[in-house]
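Work through these short exercises on aromatic rings. Keep the sequence and the 3D view open as you go.

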Amino acid sequence: MPALAALRRLLRRRHVRRRPVDVVYSARYRLDLPGLALDPRRGEKVLAFLAAEGLVRRGSVLSAPPMPLLALCRVHDADYLESLSDPETLTRIVGFRPNDRERQRIVEVERRMCGGTRLAVERALATGGVALHLGGGFHHAFPARGERFCLFHDVAAAIAAERRRGFAGRVLIVDLDLHDGDGTRAMFAGDETVHTFSLHNQDAGTDPDAVESTSVALGAGIDDAAFLAALERHLPPVVARFRPELAVYVAGVDGAADDFLGDWRLTAEGLLARDRRVTELLRGAGRHGGGAVPMVVVVAGGYGKAAWAYTARYAGWLLAGEVIEPPAPEEVTLARYRRIARSFAPEELTGEPPGEAGAAAGWGLTEDDVLGPLAGVARHRFLGYYTPEGVELALERTGLFDRLRRLGFAQPTLGLDLDNPGGETARVWGGPDRRELLIELRARRDRAAVPGCETLTVEWLLLQNPRAEFTGHRRPLPGQRHPGLGLLEEVISILVLICDRLHLDGVWFVPSHYHLMAQSRRFLRFLDPAAEGRFRAVERAVAGLSLGDATRAVEAGRVVDAASGEPFRLLPGAMVLPVSEGLRRKVEGDDYERRAAAEARRYALRLADGGAGS
């Protein structure tokens, strides 16, 4: 109920006042780069979740300017900082060759995050409380070099800045990122006032011994129980002996079982238990044995779509004192887009005078309904509603064009083809020369796909980055000429907004390959529960394979019936994203789930060779 939700948020705001936490973030942290495993909107998603739960207020989030070069010179060699203008230096650090614009953005974003960590340290010491920085944690930066996407050591630079302001207390850096905090140990190797604590998968072996350090390599395949036992064995004695007067928690989430690059098996519950234990130790241990330690949290590593949710769960607990489950990332994106959509006046999208725009669409009627055979003379709108200018405005205001600009496409250009018999087509190119096709959507309004419903039927959807390259870890999937744009979540949200605007029941789509079914299933459901069941049976058979290897196994006929050994053919099935309650009832509920589960049980499938795709 809305009233109960408002009351819950009010109570959470009261929690925030009792447990003050400064939140530091800047929208300029977003770094869209082709092929980058990091989610460029990780901090933004966490902040949107906190705002939706009433845990942060508009204007309360702090941001900082980039860290001055002089401050960076206090912890990095001047020659190294100067070498960052050399493309070869940056290529070695980030692992690919960025162009001039990308080089400038990488340096700018990391300097700005360094400034954010400095501000967080300043606030924690000033208030004696907790400062959460939704960025930073560049623990692979050394005094004279950067490594593994870490150019500057933000924590070292922030501590050095506070030393100059007169802070002389003991500092404990707790690093629980999956990877060894080797740069941090090197930064403070000779400093007995800073203890560097790191639990990680394997030693990097590139740093000297430190006078105040705990460094433990746990190996691969670590689960919740093993990790939490190691944390309990090693961290409490350090806190008790060292008695920190400032703590920095490097709260990387790349130990999650679903992390793109990690080799641990930590669950969401395990990660939160880790975060809570660290916080309770530091906030209860205190200076000289009493009081809470001022504490800074930086987010560090986390690779994949779910990384933001692990950070959000901890952030919610920090601010509210209770565990609040974050929604699925696509729900966060859709909620944000719906807020933006409410700012549109119908006449901005249709080009009609106020009062006339959308009169027919308000009833779910198309031009064909109203004008019949005469509709062709007025067919100048996409889906019978949007003018080209309206579509362009929507892509600008939702931020989709900005995402493309950050990927290096300075002048995204829209084109509409409204005469295609298979469906009206919207295309976005990288520039006015229309040489680089980025997005192609062919869609139509359809009353035949689902009985009793009108859907937005998607005949074709292409999202590609012609400037990105496939790698050994990222091979092309069937039908791919170029890597994807990483914008499926945003484009799906825009399709839902179209359904909202035109009063359509939902999105209808038939994916042709296994990887399309798997990717679409984050948003859509199979219309037929039997198709859902068959997909689940195949999904079981390829469990443990990457999406690419699973797709290649299905395409090559290596998913077979366990009894006969015959290849199992996964037929395309219609999928829907329900928007209306009527369509939602067709693909949800106990009966749908019962039929899907029964169909899945009918098939005992396995991989013919039991291995990965070739």
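A residue counts as buried when its relative accessible area is under 20%. Keep that cut-off in mind; the model here is predicted.

**Exercise 1.** Is Phe227 buried or exposed?

Solution. Take the value: Phe227 has 1% relative accessibility. The cut-off is under 20%. Therefore Phe227 counts as buried.

**Exercise 2.** How many aromatic pairs does the structure hold? Classify the pair of Phe227 and Trp264, then place both residues on the chain.

Solution. Step one: the count is eight aromatic pairs. Step two: the centres of Phe227 and Trp264 lie 5.5 Å apart, with 55 degrees between the planes. Pairing needs centres within 6.5 Å, and tilted covers what is neither under 30 nor over 60 degrees. The pair of Phe227 and Trp264 is tilted. Step three: Phe227 sits in helix H9 (residues 224–242). Trp264 sits in the loop between strand S6 (246–250) and helix H10 (268–285). The two are 37 residues apart, so this pair links distant parts of the chain. Step four: Trp264 is buried, at a relative accessible area of 3%.

**Exercise 3.** Which kind of pair do Phe526 and Phe535 form?

Solution. The ring centres of Phe526 and Phe535 are 5.7 Å apart. Their planes meet at 40 degrees, so the pair is tilted. Now check burial. Phe526 is buried, with a relative accessible area of 1%. Phe535 also counts as buried, at 1% relative accessibility.

**Exercise 4.** Which residues form one aromatic cluster with Tyr249? What lies over the face of Phe142?

Solution. Tyr249 clusters with Tyr314 and Trp317. Over the face of Phe142 lies Arg145, 3.8 Å from the ring centre.

Conventions:
Residues numbered from 1 in each chain as written. Predicted model: local features only at pLDDT ≥ 70, side-chain atom pairs only at ≥ 80, totals over all residues. Heavy atoms only, no water. Phe/Tyr/Trp six-rings, centres within 6.5 Å; stacked < 30°, edge-to-face > 60°. Helix = DSSP H or I, 4+ residues; strand = E, 2+ residues; numbered from the N terminus. Buried < 20%, exposed > 50% of the residue type's maximum accessible area, 1.4 Å probe, protein only. Lys NZ or Arg CZ within 6 Å of the ring centre and 35° of its normal.
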